[in-house]
Amino acid sequence: MVRDRIMSLLENLNVGDPIPPERALGEDCGVSRLTVRRAVDDLVRDGYLTRRQGSGTYVARPTVVQSPTASSFSVGLRRRGLTPATRVLSADRADAGVRLGWRLQIAPSDQVLVIRRLRLADGEPMAIATTHLPDEMVPGLQVDELETRSLYEVLEDQYGLKVSAGTQTVEPTVVSPAESTELQVPPYSPAFLFRTITRTGEGVPVEFTQTLFRGDRYMITAELDLTTTPHEDLGHPHGLASAGLLE
């Protein structure tokens with residue numbers, strides 16, 4: 001409730017604008033300041049807000065933290081001698097809403113194309129990718145084509161949208177009963193959830209994708225850079241995390 005209220009406020013704010021104080025938000029939502037603080041903490045972690053000590057909380061500027069590899073799923077499988085494949089599960093249009101509108105920098109009432117794809121290796125389900133694209137950016141997109149071609153290849157060839165950077169987060173989760181059927185694993189099995197926003201070289205958001213990877217077939221690895229901080233604790237690695245198929 002509190003998170004949704006703050007997200008609705010962000011719709012009318014610009015980068016760098018302050019949000020109302022926690023006390024005011026608590027009175028507005030009828031909850032305690034502790035509840036408000038937890039919601040704000042979550043939005044800070046998700047990159048929507050930033051805190052300035054002694055000043056307040058402000059709308060954050062989106063950050064680019066890594067360059068996506070358009071064909072990383074397929075390339076990674078082929079390197080292990082496996083055959084990648086994609087099956088389109090569904091394609092629908094819906095209003096963006098506040099959260100997705102914020103991520104894609106479009107109005108909540110704007111339409112998005114929502115494509116769910118099952119990613120396979122040697123015919124075995126490995127992941128479910130749910131991609132959201134601003135509908136006006138991809139008029140006439142033939143989703144069946146995504147079973148044989150990379151999404152980024154289609155975006156560049158047909159719409160001139162060259163994806164060059166993005167932001168990605170990953171968190172542990174479990175598979176829902178419906179997802180377990182699609183991935184052919186027991187309900188509530190461990191999984192990794194990747195959230196990815198990609199952008200053009202001009203910084204225009206192109207897509208928001210949530211990819212659910214099977215936890216029994218993937219692991220997370222990180223490249224460590226200890227040259228700049230050689231005495232840092234290894235519990236805080238510096239580098240980029242990526243998903244890799246378990247042998």
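In this predicted model, the second largest pocket holds about 820 Å³ of space. A total of 34 residues line this pocket, and those closest to its centre are Asp46, Tyr48, Trp102, Arg103 and Ile197. Four elements each give two or more residues to the lining of the second largest pocket: helix 1 (2-10), helix 5 (97-104), strand 6 (163-174) and strand 7 (190-200). Sorted by class, the lining comprises 15 nonpolar, 9 polar and 10 charged residues. As general background, empty space left between atoms is revealed by rolling over them a probe the size of a water molecule.

Two of the elements that contribute to this lining, helix 1 and helix 5, also form a helix pair. Their axes come within 9 Å and cross at roughly 45°, which makes helix 1 oblique to helix 5; angles of 65 to 115 degrees would instead count as roughly perpendicular. The crossing of helix 1 past helix 5 is left-handed. On the helix 1 side, the contact is made by Arg3, Asp4, Met7, Ser8 and Leu10, while helix 5 supplies Val98, Arg99 and Trp102. By class, the contact of helix 1 with helix 5 contains 4 nonpolar, 1 polar and 3 charged residues. Trp102 thus appears twice in this account: it belongs to the helix 5 side of the contact, and it is listed among the residues closest to the centre of the second largest pocket.

A further helix pair is found in helix 2 (residues 22-29) and helix 3 (residues 33-45), whose axes come within 9 Å and cross at roughly 110°. Helix 2 and helix 3 are therefore roughly perpendicular to each other. Where the two meet, Glu22, Arg23, Leu25 and Gly26 in helix 2 touch Arg33, Val36 and Arg37 in helix 3. The residues of this contact divide into 2 nonpolar, 1 polar and 4 charged.

Turning to the backbone, two glutamines deserve a look. Gln105 is not a glycine, yet has a positive phi of about 55°. This residue sits in the loop between helix 5 and strand 4 (111-121). Gln184, likewise not a glycine, has a positive phi of about 60°. The loop that holds Gln184 runs between helix 7 (177-183) and strand 7. Both loops adjoin elements already met at the second largest pocket: helix 5 borders the loop of Gln105, strand 7 borders the loop of Gln184, and helix 5 and strand 7 are among the elements that give two or more residues to the pocket lining.

Methods:
Residues numbered from 1 in each chain as written. Predicted model: local features only at pLDDT ≥ 70, side-chain atom pairs only at ≥ 80, totals over all residues. Heavy atoms only, no water. 1 Å grid on protein atoms, 1.4 Å probe; cavity = no way out; pocket = protein on both sides within 12 Å on 5 of 7 lines; lining within 4 Å. Points joined across faces, edges and corners; volume = space filled by probe spheres on them. Nonpolar A, V, L, I, M, F, W, Y, C, P; charged D, E, K, R; others polar. Axes fitted to C-alpha atoms, helices over the stretch in contact; angles between N-to-C directions. Parallel < 35°, antiparallel > 145°, perpendicular 65-115°, else oblique. Contact = heavy atoms within 4.5 Å. Left-handed = near helix turned anticlockwise from the far one by under 90°.
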